[in-house]
Structures are given as C-alpha cells and as structure tokens.
Amino acid sequence: MPGWKVLLLSLWGSAAAAGASSLAAQAAVSGTVSDSKTGRPLAEAVVTAVTGGQQARTNARGEFRLEGAASGQIRITRVGYQPTTVSATAGTPVAVLLVELVVKLDELVVTGTIGEAQQRSLGNAIGRISVADNVIVAPPAKLQDMLSVNVPGVRVIRASGAIGAGGTTRIRGSGSISLTNEPLIYVDGVRINNAAAVYSEAFQGQESPSRINDLNPEEIESIEVLKGPSAATIYGTEASNGVIQIITKKGKGGRPVYDVHLDAGANWLSNPEGRYEPNYYYSQRDKAVKEFRVLEFNRLRGFPSPFSTGTPLAMGASLSGGNDQLRYFFSADFNRDEGYVDYNWQNKYAGRANLSYTTTNNKFKVDFSMGTTRSRLRGASGFQPITTSILWACNFPGCEPNYAGDSTNTGWNGPGHGYQFYRPEDYYLVEAFDNVDRTTASVKLTHRPYSWLRHTLTIGPDFTNNKSSNLVEKDPTGYNAFFDRAPGYKAAAQNRSTFLTIDYGASADWNLSKSLIATSAVGVQYYYKQFDFLRATGTGFAVPGPDRIDGAAQKTAQEAFLENKTFGVYLQQQLAIKNRLFLTAAVRGDGNSAFGEDFDAAYYPKLSASWVLSEEPFLANSSLFSQLKVRAAWGKAGQQPDIFSAARTYEGKVGPRGLGGVTPQNLGNAGLKPEVGTEFEAGFDAGLFNQRVGVEFTWYNKDVNDAILSIPNKPSRGFPGFQFLNLGKVRNRGFELAVDGQPINGKNVGLDLRFTIATNDSKILTMNGEGPFFVGGSFIQQWNVEGYAPSGFWYRDVTGSTVRTFDFGIPLPLGTNPRCQGGTPIPRSSLGIANGSDVACAEAPAVYKGRPTPSWNGGFSATLTLGKRLRILGLLDYLGGNTVLVGDVTAIHTFFLSSKQVLEGTDPILSGYLGNFFLNGDANSIGAVGLFKGGFMKLRTISATYDLPDKLTRWVGASRGTLTVAGENLATLWREQKQAFGVTWIDPEIVPNRSNDAVGNFGYTQESWPQAARIRTTVRLTF
C-alpha cells in the first residue's frame, strides 16, 4: 500500500478514535439536585439511570455525573424527599428539584443507642430542626431562639432583650419542684454544660447568660429533641426533662466547597417614648395629680436618649469536601452584636474542625469533631438597668421642683433630670464584662467487623472557662448614683466547668426469618462533671480610676468546688416485622455520686411500638393516606439530687474570740434517691393527599415520682435548716399537634404552611402530707400546693373597699374595710380554695391566682415561593396560660405611688390593696396589683430570600448566592392582658432566668429589658 494511503488511514483512524472518545465523554448524564422550597443543593441524593443502571451520588454542591449513561430516564432518591423520575440528555446538564416529604419515615435520628435509627422504628415523637436550612431564611440572634417555634412541646422563655441574655427551656412543662427542669444537651454525642442561667458579674438584673447560646448556629446541621422519659430512657439519670441532640456540619464527598457569608443589620427598641408610659405625682403647687414623661422631658431639653440603634455585624466562611475515605469541614465565624444601649455589646469568635475517615473496606470509621468559642461581652445590667429609672421616674416625694425655694435645681430640674436614681450618663462609670472560652470535642470510633455487628466508642470533653467582672468607678462628681458602690467597687468571678463523656455501645442484627429482624444493643456510659467557682470583691477606692480589687479598702472572697459522676449500663432489644411493625424493650441502670449512700442504683425500663400502617396491603393504595404511622411508648428516666443533698454538711462560722468554727448546715439523707419521670405517650404521623398535608399528633402523660422536697427540720433533731426527702409526685399531661400543608404547588407560585400547638396541664399530685411550701420571696407569693401547678401564685383577692383620703405628706386615697374573696382553708397554711364568698380581708385566705409557666404554646408560619428565586417567610409565635408578677407595675402602684389610679383613688379594688398595706400591715397581698396573664402573639420573623442570578454569582466567581433580609420582633399582635389597674407591662416576654433559681419557675420580673426589634441582611456565596 502506498505510503500516502497508510498515512491517510492512520489520520482517519486517529480522528475516528478521537471522535469516539469525544462521544464517550459526551455519553454522560450530569446535573444538580436541589430542595424545591429553599433551592439549597442536596448532597447524598442517589441518581440512577433507569436503562443502564449507572448510579452516582450528589456531592456537597448537589452535583452528579453518570458516566457512560445515555439519554433517557433517571431516578433520584434521597432520605426525606419524594423520589422523582425525569428525562435527561447526555451532555446537557439537568436541574432536578426534590419535594420534601411531610412525614419522613426513613429519616435517621439519634436515640442514644449505637448508630442512628429510622423514624419508622420509633414509638416516640422526635422533634427535628434543620438548622442549616433555617439560618439561610431566618438567621437567629442566638441558638436558643430556634427551638420554640419549630418543635411542638418545646418552649424557650426569653428572659430579656439585652445582648447576651438567655432563657429557660421547657419540654412538656416543669416536672421537678426542687431540681432543674432543663433538658440535657449533647453535641456530636458528647454531653455539654446545659446551664440555663449562669452566674455572671456582668448580669446583675433579672437575666443571665445561657450556655447553649455559646454555640454557633452556622456550624450546626440539625437539632433533634427527645421530649421525655419514654424517649430518653437510654440516657438514664438526668434525662427526665428530655434530651436535645445537636449535630454539627460534616464534610460531604466531592470537590472542595467554600461558603462565605456577611451579615449586617440594626437592633433597636421600638418607640421607647410611647412604650414607657408617663408617671404621675401629686403637685403641691397645683393641688392636682400631674403627668411626667421623663424621656420626652429630657429630649426637649437637649439631653441624649438613653437608647440608640445597635449595628450588629457578622462574617464567616467554611470549607468542606472530601472523598469516600476522608471528609472534612472547617469553619470560622465572627459575630459582633450590639444592643439598644451603646454600652451593651458582644464580640464572639467561633471555629470548628470536623474530620471523618473511613477505611477502604468500610469496616472502620473515625469521626473527629471540635468546636471552640471565645466571646467578650459588656453587659447592660452591671447595676440595676437604666430602665429602673425610667419606669419609676419622678416618684413621691422628690419629683416636683421646690417652687417656694430653688425651683431651678430641685425636682426634675435638679441634677437627676427627673430620673429615679441613675441617669444615662452614670452608666459609663460601670464596666461589666463577661468573657467565655469554651471548647467541645469528640472522637467517635466505629468498627463493623461483620455486616450484622457494629460497635462504637465515643469520648469527648466540654471545657468552659467563664470569667466575669464588674467595676463601678468612684464617682468624681459626688452625685453617687450607685449607692454603696459609688465610692468604688470591683468584683471578679471565675467559673470553670469540665464535662467528660465516655460512651461505648454495641449492636447486632439477627435475621430470624425473611420478614423478622431482631436488633440487640448494649451500652456502657460514664459521665463526669466538675464546677470550680471563685469570686472576690473589693469596695472603697481612694481615688477614681483603679480597676483592681487589691486597690480597695475592703475585700471579700468565696470559693466552691463541685463534682458529680454517673455510671450507667443499658440493654435494648428491638423486633422489626416486615420493616413495618417495630417492638422495642430496653432497661438502663445507673449509679450516681449524688445518691444517698444507702441507695445503690436506679433502674429505668422502656417499652415502645411503632406500626407503619400505610405499607400494609389494606392501606397501600389509599387515596387519603400517603403515609401513616401509629406509635406508643412508655418509659422512665431520672433526675439526680443536687450534689450535696444526701450528705450531712456543715459550714464555717466565726466562733468565740474570733476563732474559726463550724455550724450544722444540712442534716443529709442516706436514702436519698433520684426523682423518676414515668411517661406514656401515644400518637400518629400521617402524610395525606399525596403528601400535600402532614399531621403529627401526640398525647402524653408524665408523672415525676419520688419528687424531692425540702422539709424543715424539727428542733429536737439538733440540726437547723432543711432535709431533702423523696416525698412528692408531679404530673404533666397534654397534647402536641403539628400540621404541615402545601395548598399551592404551582410552577411559579408555591405556598407552604405550618401550624403547631402544644398544651400542658401541670399539677402537684401529692407531697405526702407535707406542705404547702413557700417558694417565693416577700410579696412574691409563690407556693407549692397539692392539687395545683408548681410554684403557683397565691394572694388575697380583694373585691372592693370604701375609699377615703389620708394624709401621707400628700392626700392619698386608701380603701378602708376592704373585702376579699373567701375560701376553704388549706391546713397548715394561710391559703385557701376560693369559694366565691365575700369576707373581710383580715379573715380571707390567699387563693390561687395562676401558674408561672405556659399551659399552651405554638407557632404558625407561611412560606411563599415566587418564581424560581424569591421566598418570603412569615412566622407567628404565641403562648398563654401563664401568670407573671411584674414588679415594675407593683412598685408603681405601691412603693412609689406614681400611678394615676392610685393617686386619684378611682378603683376601689386597687385602693383596697393599698389599704390592706398601709392601714392593716398586709405587706404580702400588694404583689397582686402587678399580676398579669402572660399570653401573647408576636410576629416573630418576616424575611425575604432571593437567589442571586447566575450571571451575577459567576461574575464574583461563585456557583450560587443568596440575599436575605429578615426582621425579628417587629410587632406584637395580641396580648392576653396589657394593663393592671391602668399601668402597662412593657413587654409580655420578659420573664427572668436567675442564676439562683435552680428550678426555673420563679415567676417575678422587674426592670428588665424589652425584646429588641431587629433587621438583618445576609449575603451568602458558594464557591
């Protein structure tokens, strides 16, 4: 063959080969998979070619590629989403949107045993929050804010609108009357410090920081909530109040993904001059009741407002990715939050590193997780807040200028400008700081030597170092606003905690038959926690300026050290019949160092059943039920006594001639055992009308047995004080309902709705013949009484009086011969059961006036999707059935006599309470004039999220971008009670979380900060 022909054939062959290679490269189906509501890329979706069977998984960007697949049908599946089949053309990327299921039977959740369990197998309701999705459409100010409106039965009661303040978390009410009611919190399998109210020198008002808010929402993938003993049995002692599992973000397979975000916004107090109502005083000059508005008064005279607009700023970035063997997630975030007084701010730095390594044979896996947080906060309430001086401004008798003398420098014209005690400028003499360094780490080793056997070891600590300080500089002007601290004051506290988790578990699957699988699980757990507290104070500085305690004339110090250990073992057996019917039995045994020495161990059993009815033949083709699961569970979990409750203790005391000595403190109880929560719940999860409507319903009944009571010692025992005994029983009962609906699901318009409501009936069933017990303070009349809610309010109920005017330096109308509602006396107390009779108040008992915790709460949200890019979210938050004693209002009416109704004597009931106080010496009943029904509905969130155009994101080198504008606390739509005798409560969402209130049921609030209104703009880019 001629050479030129050989060359030509060779060139043709090369071209043909190249063409074939090119065609082979094009013979691939590729594209992206995203959530239909949020547009968020979905990783770990399985994509399968219907014809060729090629299969691939989406990476962190939602991308997939089926090599060698020809054009045709592909099927996409992912846990929690409806499977879908679409047509795809090789060489042309396809965009697939998956619709989220309203009932996710195959979703995996953490239950306490080894590995994760499918929802279908659980007899309990499990609350779940997709934090990663929520922070995109409604970024929270702090993590705690995400819990209340997302999970029915969970309520966070906010303490204050101050930056850094936390709140109390309640799951299915308050079960304990002596111990904490906070749930346990785990991060990636490690128990962490869950204190709802931490002592800090930077918070001297009604609010305290909550440790859960140390965590950074940007690092969290999801939160799961086990609501009570029937779900949390495996967690044993301390789990009676439920368990919150926090799962942080992990790396996903595929090329590296860079996410960055930038946030900026504004925080402010809505309409302060209108919110803080006028004060009233009796004018000696005009002989009339006059009005005074301190904020308006000072503004008109050119003084700056105490309130400003804070400008929070945040930024952060993360890197994630990996392959089948090694996956990684790294993140770093900075957040500066500013309140509506310019001396209240917080700088927070957070970092996280999560790594996962799996061997090539998939038999061994290591998961490493570590997060660290450092924050510095300047508190708004280093001393009583400026709101004190606004609420109680211009009180009797020093408000009005002395017109007969020097009217230019007295009363409101004096140096105080009409404020009660402190002026806004005085707070620049107060520097109250809270500094937190916190690190939480976990190492999880998973070994699967056989397909039917796996075992896991999880080890991890949680270290928190909290240093706080409070400096009140010596006042150089002599105004001395801060009373005994005006000569100079410094306090510093070091609060360190160490938590350690060691958790080993093993699980084996036994295929007993084709349709029957038995799963056996066993585990051993050890928990350790330690608290180390040191505090010192100094008062009296020679000159302004020193900021060290050793420069003070007088010094004091305190120290405390506490530790507790728990060792537990559990066994669990589950039977799965046709993967539709699941029966589970378990038991856990615990020993704890706080148990009495004569009590060895506590045992907590559990039984549950779950039946997926929609997969049975008789419902398989139902037009009503797309999915239906019925479930029921019964179980127990514990709550340990306080660390020294069982031990006989003594305290130091100065003895004769100044020598040291000791005195009895606590008698102790060698038989003291844990409180035991026993809970039964039943309910169903249903997907209706082809997944257009989802319903979750649960009824529960929880009894806390062996509730610990603090009983006064008899003098004959030789010990003063109290002894802790297991004598009580408390019941919590109610239902939880969540309804999800998608009434509109068009190509360009979509509407998703969610409604939740939860009820709680809380009652002390018995105190074994003891009590009632007073758990309030002074006029804060809270009692534990059999047959009523824990820490209920009890007051004499004034029904009327005859009003006469008395001379108290001013003419003061008071109610004489006041009348009260009568009642049947409760033995061994001044309380009674109201019977509707009318008696003289001197003969009347105090009657029940309400519970401090909500009896119902819930939320309603609507998400409107317009086109392919815009999503608008509106979220309502509501609660009710609780009563709050508002000290702001009580003091206006009684101590400061600065309400119009008091000074004019227009209400015989209010004047009757004052008459009881001033004329009859009843100092307790006056609290009733500040009682409020605490129900409200707020527009909690409204936001708009826009997916940036591809052309714009590509211009900055990104593959995806979103812009979100979100508002929070922008309107109060309903209040159950706005006023008490004509005086308004500033905000129905101010309920304290005091560090000295272990139970968390103290229902008294005073002077604290209203919730801030917020606007936040966030830009997110993915590279």
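Here are some worked exercises on the side-chain contacts of this predicted model.

Before you start: residues are numbered from 1 along each chain as its sequence is written. In this predicted model, local features need pLDDT of at least 70 and side-chain atom pairs count only at pLDDT 80 or more, while totals for chains, interfaces and linings use all residues, and side-chain values use heavy atoms, with hydrogens and water left out.

**Exercise 1. Find how many salt bridges a search of the whole structure gives, then work through Asp145 and Arg158.**

Step 1. Get the rule straight: a salt bridge is a side-chain nitrogen of Lys or Arg within 4 Å of a carboxyl oxygen of Asp or Glu. The whole-structure search turns up 61 of them.

Step 2. Check the pair: Asp145 and Arg158 meet at 3.6 Å, N to O. They link distant parts of the chain, with Asp145 in the loop between α2 (131-137) and β11 (154-158) and Arg158 in strand β11, 13 residues apart. (Helices, H or I with at least four residues, and strands, E with at least two, are DSSP runs numbered from the N terminus.)

Step 3. Look at burial: Asp145 and Arg158 are both buried. The scale runs like this: buried is under 20% relative accessible area, exposed is over 50%, and partly exposed is in between, using a 1.4 Å probe and protein chains only.

**Exercise 2. Place the partners of the Lys529–Glu238 and Lys849–Asp797 salt bridges, and say whether each is buried or exposed.**

Step 1. In the Lys529–Glu238 bridge, the closest N and O atoms are 2.6 Å apart. Lys529 belongs to strand β27 (residues 516-539) and Glu238 to the loop between α3 (229-232) and β16 (243-248), so to speak 291 residues along the chain from each other. Both Lys529 and Glu238 are buried.

Step 2. For Lys849 and Asp797, the closest N and O atoms sit 3.5 Å apart. Lys849 is in strand β45 (residues 847-850), and Asp797 is in the loop between β41 (792-795) and β42 (798-807), 52 residues away. Lys849 counts as partly exposed because its relative accessibility is 27%, whereas Asp797, at 16%, is buried.

**Exercise 3. Classify the ring pair of Phe917 and Phe918.**

Step 1. Rings of Phe, Tyr and Trp (its six-membered ring) pair if their centres lie within 6.5 Å; planes under 30 degrees apart are stacked, over 60 edge-to-face, and the rest tilted. The whole structure has 45 aromatic pairs.

Step 2. Phe917 and Phe918 are 4.9 Å centre to centre with 55° between the planes, which makes the pair tilted. Phe917 is partly exposed at 22%, and Phe918 is partly exposed at 29%.

**Exercise 4. Which ring does the charged end of Arg191 sit over?**

Step 1. The test is NZ of Lys or CZ of Arg within 6 Å of the ring centre and within 35 degrees of the ring normal.

Step 2. Arg191 sits over Tyr527, 3.8 Å from the ring centre. Lys938 likewise lies over the face of Phe936, at 5.8 Å.

**Exercise 5. Work through the disulfides.**

Step 1. A disulfide is a pair of cysteine sulfur atoms within 2.5 Å, and the search finds two.

Step 2. Cys394 pairs with Cys399, sulfurs 1.3 Å apart. Cys820 pairs with Cys841 at 2.0 Å, and that link is right-handed, with 90° about the S-S bond. Cys820 lies in strand β43 (residues 811-825) and Cys841 in the loop between β44 (832-840) and β45, so the disulfide ties together parts 21 residues apart in sequence.
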